[in-house]
Amino acid sequence: MHNLPGYSVYLAEYRKGRMPSAENTAGGAPVFLSLHIREEYSDTYEREMEELCAELNRLRFRIIADIEKETPARFHTESVLQLKEKLHLYGVRIDFGFSAEEIATLSAEMPVVLNASSVSSEEAGMILSRSAFPVTAMHNFYPRPETGLDEAYLLESTARLKKLGLETAAFIPGDLGKRGPIHEGLPTLEAHRTLPPSAGFIDLLERFQIDSVFIGDPEISKEEVGRMQVFAKTDVIEIPCWLRDGYENYYDRIFTCRIDSPSWLIRAEESRAYAGISGRTEKADQVMEERDRGSITLDNEKYLRYCGELQLIRGKLPADERVNVIGHVKEAYLPLLDLIGRGRKFILKHE
């Protein structure tokens with residue numbers, strides 16, 4: 001369905017004993033590893049990086065190394081190809097100092113990743129004409145708040161890159177340990193800085209049509225990884241929420257957004273049939289509630305043939321004696337409501 005999330009690994013974190021879990025490899029997930037972070041350099045840098053790469057390969061990660069022109073010499077090798085063999089790299093992300101001709105030559109030998117903000121159409125055409133592998137243009141991440149990309153630019157630049165024949169990649173922040181020195185997340189899109197990683201992941205894949213998404217920060221919770229893997233493998237969006245007592249049987253059930261759902265709400269296609277099969281009769285609540293954004297509702301018996309219809313509210317609707325409010329989407333995940341398009345499947349998950 002979609003590419004599984006990629007990870008970012010830093011030697012400074014490895015020195016503290018932090019590594020992506022082997023559970024996250026999922027058969028060869030990619031990792032982004034920079035080989036030119038100057039504050040990581042030391043007398044033991046080369047040996048430690050060799051150890052780190054050996055461990056990543058043991059865990060079956062595919063290493064994409066960020067390199068500059070001087071990187072091979074720093075590892076006592078004479079070329080990028082020798083560096084690839086020494087560290088057992090999968091591919092390289094080209095940073096400073098390489099000409100388009102050099103990159104094109106490399107692309108015939110290994111996957112190459114270009115800087116999305118600087119590659120020209122002429123360079124892309126030359127590299128693609130020589131490449132034996134897909135060529136990716138990767139957007140940067142932005143540690144300083146307020147400097148991440150805006151939505152219009154990301155849409156425009158990604159469309160341009162894909163038109164050239166390039167695959168695209170971008171970053172989302174983690175939700176646990178944030179990389180220093182600023183510790184405020186490493187997103188490509190500024191709007192993702194404060195969102196749960198899974199919401200940013202789905203947004204990049206769905207709305208922006210990004211091909212591969214990497215977690216920029218060194219740590220992420222297993223719950224968020226799980227949500228991303230579910231979407232990547234099944235195209236189903238998990239919606240963290242809470243439901244009132246007595247409605248627990250609506251958790252973990254796959255629903256489909258009806259094709260004719262209006263923009264202000266999501267109609268769960270299977271819900272009325274489910275209510276009929278289960279024999280459930282929905283009584284009207286004595287206390288009516290306004291339907292705010294994120295409200296989860298169930299039509300009651302006063303709505304006659306609509307009784308049992310489950311809806312997720314995207315906008316704001318008034319209270320209605322025929323509609324019971326049975327729960328609410330967790331606030332941090334409200335942006336997911338806008339990504340449940342017509343025909344999209346979703347699951348309500350207990351939080």
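Buried here means under 20% relative accessible area. The views below come from a predicted model.

**View 1. Cys 53, a buried cysteine.** Cys 53 has 1% relative accessibility. The cut-off for buried is under 20%, so Cys 53 counts as buried.

**View 2. Cys 241, a cysteine outside any disulfide.** A disulfide is a covalent bond between the sulfur atoms of two cysteines. The structure holds zero of them. Cys 241 is accordingly in no disulfide. Its nearest cysteine sulfur belongs to Cys 257 and is 16 Å away. Cys 241 is also buried, at 1% relative accessibility.

**View 3. An open sheet of eight strands.** The strand order is E1-E2-E3-E4-E5-E6-E7-E8. Pairing is parallel. Strand E1 (7-9) and strand E8 (212-215) form the edges. Each of these two edge strands pairs on one side only. On average, neighbouring strands of the sheet are turned by 30° against each other, direction ignored.

**View 4. Strands E5 and E6, joined by bridges.** Strand E5 covers residues 112-115, and strand E6 covers residues 136-138. The two strands run parallel. Three bridges join them. Look for Val 113: its bridge partner in E6 is Thr 136.

**View 5. Helix H2 across three strands.** Helix H2 spans residues 45-58. This helix lies across E1, strand E2 (30-34) and strand E3 (62-67). Helix H2 runs at about 175° to E2.

Key: Residues are numbered from 1 along each chain as its sequence is written. This is a predicted model: local features need pLDDT of at least 70, side-chain atom pairs count only at pLDDT 80 or more; totals for chains, interfaces and linings use all residues. Side-chain values use heavy atoms; hydrogens and water are left out. A disulfide is a pair of cysteine sulfur atoms within 2.5 Å. Buried means under 20% relative accessible area, exposed over 50%, partly exposed in between (1.4 Å probe, protein chains only). Two strands pair if DSSP finds at least two bridges between them. Helices (H or I, at least four residues) and strands (E, at least two) are DSSP runs, numbered from the N terminus. Axes are lines fitted to C-alpha atoms, for helices over the stretch in contact, and angles run from 0 to 180 degrees between N-to-C directions. Contact means heavy atoms within 4.5 Å.
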